Amino acid sequence: MDIVKSKTLLPILLANYINWAVITLCYYGLTMNSVNLAGDIFVNTLLGVLIEAPGYLIAMLTMDKFGRKPILVLCQLVAGSACIGAGFVPPTMPVAMNVLSCLGKMGSSAAFSLIYLYSAEMFPTAVRNTALGTCSMVARMGGFMAPFIASLGSSADSTYVPFLIFGISTLLGGSTAILLPETLGTQLPVTIEDAEKLITDKSDKKAFGCC
């Protein structure tokens with residue numbers, strides 16, 4: 001594949017792989033981990049579903065105003081921080097743990113809805129379908145691991161374990177989004193050269209302190 005041969009696009013592709021994997025891990029992991037939270041299992045599951053709506057709305061309303069990259073980084077920062085915070089909440093404060101879990105789910109939902117559009121905008125037409133297809137394939141690895149990690153919190157004294165794993169993974173993996181180029185207001189790249197120019201132009205502007 002031509003994109004693998006490009007020294008400019010290969011790091012971007014790998015950063016996308018990491019982001020897709022950790023977003024999927026956190027999204028599905030928090031969904032499956034809702035059964036481990038205190039309270040009614042059906043209420044917890046319902047709250048985890050309903051909180052996705054404001055996440056999608058936030059992504060939709062902000063990505064065209066502030067850009068794809070900062071919103072993606074912010075959403076993963078919120079999701080990761082909320083998960084780590086939930087992991088340190090004592091069992092005697094179940095409401096706080098549930099609130100932080102919902103906040104993490106909202107952040108991961110927003111990131112999930114954004115990453116599809118964002119990734120499509122940075123890859124050239126010639127390989128866009130292939131690139132997105134492989135991103136989705138790598139994301140399934142996160143979805144595959146999610147139930148196993150969620151099961152680590154099935155006992156009362158280990159409810160913090162899944163939260164810490166989801167949180168740390170999201171913060172570390174999501175930090176690679178800093179490497180991605182901003183695509184807001186740019187034309188879709190048609191060729192490999194167009195995509196490389198999109199990345200190098202953004203890098204040059206940052207180097208000289210331009211917008």
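Me: In which helix does Asn-33 lie?
Reply: Happy to start there: this is a predicted model in which local features need pLDDT (the predictor's confidence in each residue, from 0 to 100) of at least 70 and side-chain atom pairs count only at pLDDT 80 or more, while totals for chains, interfaces and linings use all residues. Residues are numbered from 1 along each chain as its sequence is written, and side-chain values use heavy atoms, leaving out hydrogens and water. Helices are DSSP runs (H or I, at least four residues; strands are E, at least two), numbered from the N terminus. On that numbering, the helix that holds Asn-33 is H2.

Me: Is Asn-33 buried or exposed?
Reply: Buried means under 20% relative accessible area, exposed means over 50%, and partly exposed lies in between (1.4 Å probe, protein chains only). Asn-33 has a relative accessible area of 1%, so this residue is buried.

Me: Which residues is Asn-33 in contact with, leaving aside its neighbours within four places in sequence?
Reply: A contact here means heavy atoms within 4.5 Å. With the sequence neighbours set aside, the partners of Asn-33 are Ala-150, Pro-162, Phe-163 and Phe-166.

Me: How many of the 25 residues of H2 are buried?
Reply: Asn-33 is one of the residues in this helix, and so is Leu-14, which counts as partly exposed because its relative accessibility is 44%. H2 as a whole is mostly covered, and its count of buried residues is 18.

Me: How far apart are the end C-alpha atoms of H2?
Reply: The expected span of a helix is 1.5 Å times one less than its number of residues. For the 25 residues of H2 that predicts 36 Å, and the model agrees, with the end C-alpha atoms separated by 36 Å.

Me: What covers the buried residues of H7?
Reply: H7 covers residues 128-150, and its end C-alpha atoms are 33 Å apart, in agreement with the 33 Å expected for 23 residues. Its buried residues include Arg-128, Thr-134, Cys-135, Gly-142 and Ile-149. The elements over them include helix H2 (9-33), helix H6 (94-122) and helix H8 (160-174).

Me: What distance separates the C-alpha atoms of Pro-147 and Tyr-28?
Reply: Pro-147 belongs to helix H7 and is partly exposed because its relative accessible area is 33%. Pro-147 and Tyr-28 are 119 residues apart along the chain, yet their C-alpha atoms are separated by 7.8 Å.

Me: How many salt bridges does a search of the whole structure find?
Reply: Side chains of opposite charge can pair when their charged atoms come close. The cut-off for a salt bridge is a side-chain nitrogen of Lys or Arg within 4 Å of a carboxyl oxygen of Asp or Glu. Searching the whole structure by that rule, the number found is 3.

Me: Which residue's side chain meets that of Lys-105 in a salt bridge?
Reply: Lys-105 is buried, as its relative accessible area is 3%. The N to O distance in its salt bridge is 3.1 Å, and the partner is Glu-52. This pair links distant parts of the chain, 53 residues apart, with Lys-105 in helix H6 and its partner in helix H4 (residues 52-66). The partner also counts as buried, at 11% relative accessibility, and is Glu-52.

Me: Which residues are joined into one network by salt bridges that share partners?
Reply: Arg-68, buried at 6% relative accessible area, pairs with Asp-64 at 2.6 Å between the closest N and O atoms. Arg-68 also meets Glu-121 at 2.8 Å, N to O, a link between helix H5 (residues 68-88) and helix H6. Glu-121 is buried at 12%, whereas Asp-64 is partly exposed at 49%. The network is made up of Asp-64, Arg-68 and Glu-121.

Me: Over which residues does pLDDT stay under 50?
Reply: The mean pLDDT of the chain is 88, and 94% of its residues reach 70 or more. Where pLDDT is low, the predicted coordinates should not be read in detail. One stretch deserves that caution: it has 2 contacts beyond four places in sequence and a pLDDT under 50, and it spans residues 207-211.
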